[in-house]
Amino acid sequence: MDRYELRRLDYSLSEDHVDLQTAYRQFFKTHCDIDTVRAAEPSGFDKSLWERLCAMGATTMALPESVGGDGATLVDLTLVAEEIGRTLAPVPWIDHVVAARLLARLGVLDSEDIVQGTRLVGLDPQQVAPSGARLIPTGSIADHIMVRDGSEVVKLGFSTRPARVDNIGKLPMAWVDPGVADDRVVVADGAQAVAEYQRALDEWRLLTASALVGLVEETMTIAADFAKTRYTLGVPISTLQGISHPLANIAITVAGGRGLARRAAWFLDNEPDERPELAPSAFVFMAEEAAKAATMAVHVQGGLGVSAEAAATAYLVRARGWALAGGDPGASAVRVAEIVAARESKV
């Protein structure tokens with residue numbers, strides 16, 4: 001039997017996976033309540049939470065052992081991403097680990113500070129790289145930013161970090177112009193460099209999809225808990241079809257998105273050339289469904305849900321904003337179509 005035959009169909013978690021996710025769930029439950037999330041909104045970043053997360057080994061785990069990391073799989077990373085989404089944690093973990101993994105694959109990760117997370121590195125996650133200035137999700141806090149400029153992969157540095165731009169995702173987003181960077185280093189060039197950057201984009205979309213899975217599951221929990229405690233005509237509103245059926249649809253979204261993300265992670269790690277459309281597909285699916293689910297969770301709570309103080313509102317804006325951090329999700333849909341069309345044309 002092909003040693004991968006069973007795993008291609010079975011994406012259940014091992015005991016180690018469960019223990020890993022439980023540890024990070026408890027970490028964020030302890031250190032990242034909704035008040036912490038709200039307090040970080042002006043900057044989009046909680047430095048104290050980031051330092052605690054790094055001390056737990058969240059950045060080190062994501063990198064190969066050859067550069068001092070722990071060699072975690074992408075499935076491992078999706079579990080951490082889910083917990084970040086579940087709590088709306090204001091930390092740039094996805095961007096940092098994806099950029100650091102890119103540097104490692106290119107053979108230019110020579111900073112222990114990046115491995116440990118004390119020096120932040122971000123990247124431009126847009127599928128279609130624009131010319132000139134572009135919005136970068138970590139632009140206002142990153143020490144280095146990875147961008148693609150034609151066939152070159154470039155690491156940028158700024159003596160003064162760009163100013164944060166307000167955004168509905170509450171991210172530390174800023175306009176970054178590679179042409180005016182104080183420090184511009186071409187770390188790789190050519191077709192292989194472009195391919196490695198595309199791999200980074202796929203990883204960013206995969207982990208963002210997983211974060212949206214966690215986000216949606218928590219919005220479902222918020223809405224369901226509310227619906228079980230509100231009564232109309234003597235019965236909980238959760239028993240009404242207009243409430244229970246949409247909540248069931250959210251549960252289906254969570255299960256479908258989680259399964260797709262884990263499948264994409266496994267293939268990207270083990271057979272990256274076999275199903276390259278899975279990672280962007282997971283992102284496209286969750287980018288669309290997360291906004292729908294979070295909107296429904298707000299509607300379940302009625303007037304309370306649309307108040308600025310409601311937790312459901314915080315989840316709604318991030319469900320929309322996180323999906324847009326990498327530009328138009330439609331560009332990822334186009335990539336999926338191109339991959340599938342190219343494969344079918346060979347049949």
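## Close-up views of a predicted model

**Figure 1. Glutamate 203 and the residues it meets.** Setting aside neighbours up to four places away in sequence, glutamate 203 makes contact with Leu74, Val98, Arg101, Arg105 and Leu268. Please keep in mind throughout that this is a predicted model. Glutamate 203 is part of helix α7. Is this residue buried or exposed? With a relative accessible area of 1%, glutamate 203 is buried, because anything under 20% counts as such. Isoleucine 94 is a useful landmark here: it is 109 residues from glutamate 203 along the chain, yet the two C-alpha atoms are separated by 8.8 Å.

**Figure 2. Tryptophan 204, the next stop on the tour.** Tryptophan 204 also has its place in helix α7. Its relative accessible area is 3%, so tryptophan 204 is buried. Which residues does tryptophan 204 touch, leaving aside neighbours within four places in sequence? They are Ile94, Asp95, Val98, Leu123, Pro125, Phe283, Trp322, Ala325 and Gly326. For a sense of scale, look for isoleucine 84: its C-alpha atom and that of tryptophan 204 are separated by 14 Å, with these positions 120 residues apart along the chain.

**Figure 3. Glutamine 126 in its loop.** Here the view moves to the loop that links β1 (121–123) and β2 (134–136), where glutamine 126 is placed. Although it sits in a loop, glutamine 126 is buried, with a relative accessible area of 17%. Once neighbours within four places in sequence are left aside, the contacts of glutamine 126 are Arg134, Leu135, Leu201, Arg205, Gly326 and Gly327. Gly326 may look familiar, since it is also among the contacts of tryptophan 204.

**Figure 4. Aspartate 183 on strand β6.** Aspartate 183 belongs to strand β6, which covers residues 183–189. How far is aspartate 183 from glutamine 126 in space? The C-alpha atoms lie 21 Å apart, and the two residues are 57 apart in sequence. Aspartate 183 has a relative accessibility of 35%, so it counts as partly exposed. Not counting residues up to four places away in sequence, aspartate 183 touches Lys155, Leu156 and Gly157.

**Figure 5. Two residues with a positive phi.** Most residues other than glycine have a negative phi. Leucine 88 is not a glycine, yet its phi is positive, at about 60°. You will find leucine 88 in the loop between α4 (74–87) and α5 (93–105). Leucine 88 is buried, because its relative accessibility is 1%. Lysine 170 likewise has a positive phi, near 60°, without being glycine. The loop between β4 (152–157) and β5 (174–176) holds lysine 170. Lysine 170 has a relative accessible area of 26%, so it is partly exposed.

**Figure 6. Methionine 146 and the nonpolar cores.** In soluble globular proteins, nonpolar side chains tend to be buried together. The largest nonpolar core in this model has 100 residues, and Leu53, Trp93, Met146 and Val153 touch the most other members. Which helix gives the largest share of this core? Helix α7 (residues 191–229) does, with 18 residues. Another core, of nine residues, lies apart from the largest one, and Ile136, Leu156, Phe158 and Ala181 are among its members. Leu156 already appeared as a contact of aspartate 183. Looking closely at methionine 146, and not counting residues up to four places away in sequence, you can trace its contacts to Ala99, Leu102, Leu103, Val121, Gly122, Leu123, Asp124, Val153, Val154, Lys155, Val187 and Tyr197.

**Figure 7. Stepping back to the whole protein.** To place the close-ups in context, the protein has twelve helices and eight strands. The C-alpha atoms fill a box of roughly 70 × 55 × 35 Å along the principal axes. A compact globule of 347 residues would have a radius of gyration near 20 Å, and the protein agrees with this because its own value is 20 Å. Buried residues account for 55% of the 347. Among contacts between residues at least 6 apart in sequence, 72% join residues at least 24 apart. On the outside, the accessible surface comes to about 15,000 Å², with 54% of it belonging to carbon and sulfur atoms. Finally, there are 33 positive and 46 negative side chains, and the centres of these two sets are 4 Å apart.

Conventions
Residues are numbered from 1 along each chain as its sequence is written. This is a predicted model: local features need pLDDT of at least 70, side-chain atom pairs count only at pLDDT 80 or more; totals for chains, interfaces and linings use all residues. Side-chain values use heavy atoms; hydrogens and water are left out. Helices (H or I, at least four residues) and strands (E, at least two) are DSSP runs, numbered from the N terminus. Buried means under 20% relative accessible area, exposed over 50%, partly exposed in between (1.4 Å probe, protein chains only). Contact means heavy atoms within 4.5 Å. The radius of gyration is taken over C-alpha atoms; the globule rule is 2.2 Å times the number of residues to the power 0.38. Accessible areas come from the Shrake-Rupley method with a 1.4 Å probe; for residues, only the protein chains shown count as cover. Lys and Arg count as positive and Asp and Glu as negative; His and the chain ends are not counted. The place of a charge is taken as NZ of Lys, CZ of Arg, CG of Asp or CD of Glu. A nonpolar core is a set of buried Ala, Val, Leu, Ile, Met, Phe, Trp, Tyr and Cys residues joined through side-chain atoms within 4.5 Å.
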